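Q: I have a structure open and want to go through a few helices and chain contacts. Can you take my questions in order?

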Amino acid sequence: MSHPEFHYIGKAGPRKEDYRFLTGHGLYVDDIEVPGALHACFVRSPHARARIAAIDIDAAKQMPGVVSIVTGRELSAWTDKLRMAPPIEGLHPVEMTTLPVDSVRFQGDPVACIVATDRYLAEDAAEQVMVDYETLDAVTDMWQALEPNAPKVDESLASNLILHQSYVHGDPAGRKREAHRVIESTFSQNRQTHTPIETRGCIALWDEGRQHLTFHVGCQAPHPYRTQLAMRLRLPETQVTVISPDVGGGFGQKITLYREELTVAALARHLKRPVRWREDRLENLTASSHAREDFCRTRAAVDAQGRILGLEFEILEDFGAYCFYPGNYLARGVATGLTGPYKVQDYAFDVKVVLTNKVGNAPMRAPTSVTSWVMEGTMDAIARELGRDPVHVRRLNMLTAADFPYTTAAKEVLADITPRETLEAGLAAVDYAGFRTRQAEARRAGRYLGLGICVIVEPTTAGSKFYKAAGIPGSGHEAAWVRIEPSGVINASVGLGPTGQGYETAMANAVAEGLGVSPQHIRIQLGHTDVAPYGMGSRGSRGGTAGGGTLYLCALDARKKVLEIAATMLGVADFTSLRLLDGRVERREAAGEWNPTHVELTDVARIAYLDPQALPDDMSPGLEFHKTYDPPPRTYSNATHFCEVEVDAATGGIHLGRYLVAEDCGTLLSPTIVEGQQHGAIAMGLSGALFEHVEYDETGQNLSGSFADYLIATAHELPSFEILSMHTPNRSTPLGLKGMAEGGVMGAIGAITGAVNDALAPFAVVANRHPLTPMYIRELLRGKT
Amino acid sequence: MKPAGFSYHRPKTLGEALELLSAHGDNAKIIAGGQSLVPVMNMRLAAPAQLVDLNDLPGLAGIGAKGAFVEVGALARHYQLVESEVVRSLCPLLAQAAETIGHYAIRQRGTLGGSLAHADPTAQLPLVTVTLNAEIDIASTRGQRTLSAADFFLSVMTTALAQDEVVVAIRVPVAAPGEGAAFEIFSRRHGDFAIVAIAATMTVEKARIAGLRIGIGGVGPIPVAYADLCRRFIGQPADASRFKQLAQAIRDAVEPEDNPRIPAEYRRELAQILTERALTRALDTAQGNAP
Amino acid sequence: MNKVALTLRVNGVSHDLLIEPRKLLSDAVREDCRLTGTHVGCEHGVCGACTVLVDGRPVRACLCFAVQMAGHEITTIEAVAQDGQLSPVQQALHEEHGLQCGFCTPGIVMTFEAFLKENPNPSEEQIRDALSGNLCRCTGYHNIVAAIKKAATQMQESAGYVAP
């Protein structure tokens, strides 16, 4: 596990961006002062499914402060529809108007927009808008959606089945016939929502003189967003600027162009006045984006020892009413990644995605989060069924170092991962045998301890080859520029969209490492589409490899030119005998050691900008560099998560004890930031498995419209996290970067559920749905305790 | 989520406040701590035209011993109930219960009077007043009256307060010498409203139950004290097996509502196990105090 | 639209406002006093992002009307650092990486500026208890807890008290 000595990356240390956040001087969208801005507020459907018969805005228009009220009709004249029709096998194309015109599809669907002089007045006016709805029966669960005569969520489709894909590799059906046992397990994941603490919001500034839109919006992918916004507004991309300021969390919610945002932009242009919108929490919970809600089934054909001979997998996802993303976007990744760290070649999957009258889904940190719970839960089921130790079953089936590179049944190539090593190291760290002893003692005393183990393989960066192979339009490359200023300090930029990941620190480290200058002299500019190069944004844990990798490579180009100039200044023939360290040029002596010279970066910069005649022949002036980088089709991180719980059999309460993760995240740009990302991901996974649940009743009313109903884990419910770092580099990426930040969600979901089931083993019950509420636990135990 | 408009009144005396309530009738709402009212107003589930702010009223936040009682003013904040030496020593059940309310910041503002008037079926302070059969002083322009806690709470979020009446103080009995107290709460997360809560006090003499109170919240529209049931156990040994019997009797006595999220059976089970745990804890603190 | 005139004292500065009684303290601080460090996360008193101090006590600004606060001293996040010097709580959060997106951070700082004054030597359980009224979606709380412990220790040391 050796890697080269790094000077700037891989060192723990506090972030550069903290000061403004600690002192209340961050600049989030709602903090931006725009004199004279009008405030938008949306009128939303109280019904899950209805035709819009009429909208009467007369009374509302008379209300104090109201400047304009628009509905789907006006917006259809000013904007283009969204057409979601990527060439994906089994996917039906759909269209979406900017605001609904004829019908609404979920409780909370926006039907009109009020613009007034302040939000209070806008909400007063919203109450006066009279909408005449013809209510219709709603589709409120995934099973109902599949029924032959179910109401249709999208009338343009033949049914609610928006996607159906199947795949088979090898002969899993044959393996079932030969098997010692076929073990079937099911897993129901709850509907969740992202709940960044900062809700959505935007400000649209229309410059009538320049015919130019400047749009402030918290956004994870500013350039793709800009492209979409321009297209929908029928403006060329030269006339739209998107600026993402400080953002209070995204987690996948702040990627796509939402209908409300497009409405605000169109209104600003139409009214020729600045318009702003701040989503409130009720809207955020009931009308932004939802996630997860899958039903999964595995059938594992095993031999008597527990070796998996073949595996079949089904997943049914409730995608909500609108396709902000292609229907396969989330569920297919579960199917293709399911086998994770295990040797399984006879594999079949069936993916079905249905529409229902709920908020549409968006990727939520670890969109394939259910994967590891399903696979690890299947391993635990095998162990239970055959009376074997769950660790033994995992070892029997797991890929080891000798197996890599390994092409999975779904044709993914796994390389440079260490699942077995993290499993073994973690088992030792938690003292697995010791735990079993404690568990047995506790059981004798009527206390129920459990340990859950979850091995994860986290797909991170996706290069453009991946998208091409999957038939998903788009690229995985990234872009960066680095500019050494005349005074020798560095401005740099990359096309990522920060929402709290500390890029100003981590990316500065990447540039520092590439160039040879301390990060304190490097400023990373992000989020402004006129400043940053066109990149694909932040999602899918691509920031580290795609973003950091591109910046590093760009900085290497900068270093080369700097050293070529320095060589001329020093009269050295071979610039490769020079290096830059902490901004000073050093020269390698005959004996191999590096000695400082009198030349500093500031000297080189001065010449490059102000005395180009002194440059080497044929070298152009200036020190400004641009680079794009296309990562490998896939990179991976991996880890094994261990969660200890105690279940109170009388109340069903679950108390979290020790939580440990043994992780391999490749080379770390900033160990501090990586650790924070791991904590946050684990917390989100635990919170989701234990507490979170977007609930709709049978008429499609959303029952989770406040933080009193949609529960997120607090500091009291969550444990401390222990991290065992066992990082190994990726051999195909710059610096050996792998990326991370979502695997923790996958591991936590699997580990907590495994732990609860381990605790409940004496009762011969299995918890297979989330959230793991005390009421559910008691339902399993009732009559058995 | 912005509230609807209202006219705001900030009376300086109780008399002024009562006059305002009398004059505005159904159009007026009192704001004290605001921790329950303002969320509801922000969501526009309530839109009073007149808001009467009681926070400036003098003399309504006092806490003091008055003979056999501890008297607490309606504007006493939850954190004061937690920290007051008088409450901790003379009515520890009240301090224990207050400590479980919401979170640190909520307890800075929320008031005793507000919690009682709001009458959430699972709230801590209504449960304690019912368990201890507290006296609740009420004022209006028509004068003062006193109700027992049993008569004060009528149904879910419904009390015997008339539209123009205000809670001004409560009196809870000083704990008997050696009396142990336990407040047991089960909720989804720390600080959430209880699913079921138990308030219990116990005195023990020569290892037998000499005094016993049990009150339960979350198993009905209002908190209930099980005085008759407790009486049956006076004189019984204060031991684990008796506590189990008591808990079983409680389980049989409660009639919680059934709903899909929280089945009635679950509430019964919680009532039973929490009673057992509360009695065990009350016994621990009782023995610690026993002469 | 019945606006009323009132004076709000925020961070020792008087602000003369003409606002509707229904305007929440959180909005008045942000818009009328132009102190945007206090953030709005839910407007129903659960997330704690809007926590300010009123007469030194932590209060959810989304649960008060600005008019209620005339005659009281309000302290917001902007007043915590002195001349660019971070408080022990702020400094510890920085050193322990107790913030990521920063949106919940001011609310947490204000909660603990008050809490540590009353509880100078809290246990981890007490810290998590006090922190449970502030929701964070980024950090998992682990580093925030570590930061508060560090701040508590640091504050005691500079007050001359060394924990046994």
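Q: How are α19(A) and α20(A) set relative to each other, parallel or oblique?
A: α19(A) and α20(A) are oblique to each other, a label for angles outside the other classes: under 35 degrees is roughly parallel, over 145 roughly antiparallel and 65 to 115 roughly perpendicular. This is a predicted model, where local features need pLDDT of at least 70, side-chain atom pairs count only at pLDDT 80 or more, and totals for chains, interfaces and linings use all residues. Residues are numbered from 1 along each chain as its sequence is written, while chains are lettered from A and ligands numbered from 1 in the order in which they are written.

Q: What are the angle and the axis distance?
A: About 45°, with the axes of α19(A) and α20(A) 7 Å apart. Axes are lines fitted to C-alpha atoms, for helices over the stretch in contact, and angles run from 0 to 180 degrees between N-to-C directions.

Q: Which residues of α20(A) make that contact?
A: Among them are Gly743(A), Gly744(A), Ile749(A) and Thr753(A), and the α19(A) side includes Gln678(A), Met684(A) and Leu690(A). Contact means C-beta atoms, placed from the backbone, within 7 Å.

Q: How many of those are charged?
A: None; the contact of α19(A) with α20(A) has 11 nonpolar and seven polar residues. Ala, Val, Leu, Ile, Met, Phe, Trp, Tyr, Cys and Pro count as nonpolar, Asp, Glu, Lys and Arg as charged, and the others, Gly among them, as polar.

Q: Changing topic. How many residues of chain A touch chain C?
A: 43, in contact with 44 residues of chain C.

Q: Which element of chain A gives the largest share?
A: α19(A), with six residues. Helices (H or I, at least four residues) and strands (E, at least two) are DSSP runs, numbered from the N terminus.

Q: And chain C against chain B, how many residues from each?
A: 25 from chain C and 22 from chain B. On the chain C side, β4(C) gives the largest share, four residues.

Q: Now α8(A). How long is it?
A: It has 13 residues, 259–271, and reaches 18 Å from first C-alpha to last, close to the 18 Å expected at 1.5 Å a residue. The expected span is 1.5 Å times one less than the number of residues.

Q: Why call α8(A) largely enclosed?
A: Because 11 of its 13 residues are buried, that is, 20 or more other C-beta atoms lie within 10 Å of their own, with C-beta atoms placed from the backbone. Arg259(A), Glu260(A) and Glu261(A) are among the buried ones.

Q: What happens just after α8(A)?
A: Lys272(A) takes a positive phi of about 60°.

How values were computed. Contact = placed C-beta atoms within 7 Å. Buried ≥ 20, exposed ≤ 12 C-beta atoms within 10 Å, placed from the backbone.
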